[in-house]
Amino acid sequence: MGAFLYGVSLQWKLDIRSKTLLITCYIVPLLFFAIMGGIFTSVMPGARYTLIQSMTVFGVTMGALIGLPPTIVEIYSSDIKKVYRANGVPLYLGLALTNISAYIHLFIMSMILYIAAPLAFQAELPQNPLVYFITLAIFIAVSLGAASIIGLAVKDPAKTSMFSIIIFIPSTMLSGIMFPTELLPKAFKTAGKLFPASWGYQQMTARVLTFENLLPLLLIFVLALVLCSILLRRIDR
């Protein structure tokens with residue numbers, strides 16, 4: 001257990017020095033918040049009631065989908081994998097450590113938004129903080145699970161970035177954080193429900209935990225675990 005915690009701590013420190021993770025988990029989400037937060041609250045005064053949730057969904061989705069896959073590719077498409085095998089370390093450990101580290105970073109970023117939004121833009125805090133933080137914990141885990149599939153399935157760093165962006169754009173645009181999903185065509189509205197961001201945003205803005213919002217997130221998470229397990233076995237072979 002001590003070795004595992006040391007591995008988490010080491011990976012967290014390495015990620016702090018990573019420019020990719022620093023940009024995707026902190027700089028871009030917080031810069032987006034600083035610019036778009038002012039625009040949203042000026043153009044749509046009612047946006048302050050959901051500003052924390054919308055900015056958090058954007059930040060978590062970006063940090064997971066664009067920040068995590070390159071780190072996973074670096075581990076499983078380089079000599080690091082050989083070091084794991086030579087020392088008898090299970091291959092899943094690299095995936096677990098990177099996910100836990102990214103989880104910590106994304107949670108810290110989410111807390112910064114939670115504290116800064118009311119101070120900077122008079123944003124309203126969630127009506128039920130307990131529901132918000134439970135949903136946030138689940139949403140981060142599901143987003144990282146989906147991002148892990150990209151990192152394990154695509155071995156070329158350039159292609160990894162391309163696939164991440166392809167998934168990231170519809171995830172945010174169709175989630176409802178930019179504009180109400182009621183304004184979207186039916187096909188786009190349906191497509192948005194395929195991504196965790198849509199369900200995460202709906203549950204974060206709700207007063208109570210609802211089964212209809214949590215079930216899709218849990219199903220996506222279970223599917224991600226199964227696919228990651230299959231992909232790790234392929235890499236091991």
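**Exercise 1. A partly exposed glutamate**

Task: In this predicted model, decide whether Glu 124 is buried, partly exposed or exposed, and find out which residue its side chain meets in a salt bridge.

Solution.
- Step 1. Start with accessibility: Glu 124 has a relative accessibility of 32%. Buried means under 20% and exposed means over 50%, so Glu 124 counts as partly exposed.
- Step 2. Now look for the partner. The side chain of Glu 124 forms a salt bridge with that of Arg 48, at 2.8 Å from N to O.
- Step 3. Check the partner in turn: Arg 48, at 25% relative accessibility, is also partly exposed.
- Step 4. Place both residues. Arg 48 sits in the loop between helix 2 and helix 3, and Glu 124 in the loop between helix 5 and helix 6, so the salt bridge ties together parts that are 76 residues apart in sequence.
- Step 5. Search the whole structure for salt bridges, and the total is 1.

**Exercise 2. An unusual backbone angle**

Task: Stay in the loop between helix 5 and helix 6 and work out what stands out about the phi of Gln 122.

Solution.
- Step 1. Locate the residue: Gln 122 belongs to the loop between helix 5 and helix 6.
- Step 2. Read its phi, which is near 55°. This is a positive value in a residue that is not glycine.
- Step 3. Set that against the general rule: most residues other than glycine have a negative phi.
- Step 4. Add the surroundings: Gln 122 has a relative accessible area of 53%, and is therefore exposed.

**Exercise 3. The overall plan and the confidence**

Task: Count the helices and strands of the chain, then find which element has the lowest mean pLDDT and which the highest.

Solution.
- Step 1. Count: there are 10 helices and 0 strands. Along the sequence, the pattern reads α-α-α-α-α-α-α-α-α-α.
- Step 2. Take the chain as a whole: its mean pLDDT is 85, and 87% of the residues reach 70 or more.
- Step 3. Go element by element. Helix 1, residues 2-17, has the lowest mean pLDDT, 57, while helix 6 has the highest, 94.
- Step 4. Keep a caution in mind: where pLDDT is low, predicted coordinates should not be read in detail.

**Exercise 4. The nonpolar core**

Task: Find which residues touch the most other members of the largest nonpolar core, and which helix gives the largest share of this core.

Solution.
- Step 1. Begin with burial in general: 45% of the 237 residues in the chain are buried.
- Step 2. Turn to the largest nonpolar core, which has 49 residues. Tyr 76, Leu 106 and Leu 152 touch the most other members.
- Step 3. List the elements that give two or more residues to this core: helix 2 (19-43), helix 3 (51-76), helix 5 (92-121), helix 6 (129-153), helix 9 (196-204) and helix 10 (211-236).
- Step 4. Compare shares: helix 3 gives the largest, with 13 residues.
- Step 5. Relate this to a general tendency: in soluble globular proteins, nonpolar side chains tend to be buried together.

**Exercise 5. The largest pocket**

Task: Describe the largest pocket by its volume, its lining residues and their classes.

Solution.
- Step 1. State the volume: about 310 Å³.
- Step 2. Look at the lining, which has 19 residues. Leu 65, Ala 146, Ile 149, Ile 150 and Ile 167 lie nearest the centre of the pocket.
- Step 3. Trace the lining to its elements. Helix 3, helix 6, helix 7 (157-173), helix 9 and helix 10 each supply at least two residues, and helix 6 has the largest share, 5 residues.
- Step 4. Sort by class: 16 lining residues are nonpolar, 3 are polar and none is charged.
- Step 5. Zoom in on Ile 150, which lies in helix 6. With 7% relative accessibility, Ile 150 counts as buried.

**Exercise 6. Far in sequence, measured in space**

Task: Find how far Gly 200 is from Ser 143 in space, and Ile 72 from Lys 155.

Solution.
- Step 1. Gly 200 lies in helix 9 and is buried, with a relative accessible area of 0%.
- Step 2. Gly 200 and Ser 143 are 57 residues apart along the chain, and their C-alpha atoms are separated by 9.5 Å.
- Step 3. Ile 72 lies in helix 3 and is buried at 0% relative accessibility.
- Step 4. Ile 72 and Lys 155 are 83 residues apart in sequence, and 9.2 Å apart in space from C-alpha to C-alpha.

How values were computed:
Residues numbered from 1 in each chain as written. Predicted model: local features only at pLDDT ≥ 70, side-chain atom pairs only at ≥ 80, totals over all residues. Heavy atoms only, no water. Core = buried A, V, L, I, M, F, W, Y, C linked by side-chain atoms within 4.5 Å. Buried < 20%, exposed > 50% of the residue type's maximum accessible area, 1.4 Å probe, protein only. Helix = DSSP H or I, 4+ residues; strand = E, 2+ residues; numbered from the N terminus. Salt bridge = Lys/Arg side-chain N within 4 Å of Asp/Glu carboxyl O. pLDDT = per-residue confidence, 0-100. 1 Å grid on protein atoms, 1.4 Å probe; cavity = no way out; pocket = protein on both sides within 12 Å on 5 of 7 lines; lining within 4 Å. Points joined across faces, edges and corners; volume = space filled by probe spheres on them. Nonpolar A, V, L, I, M, F, W, Y, C, P; charged D, E, K, R; others polar.
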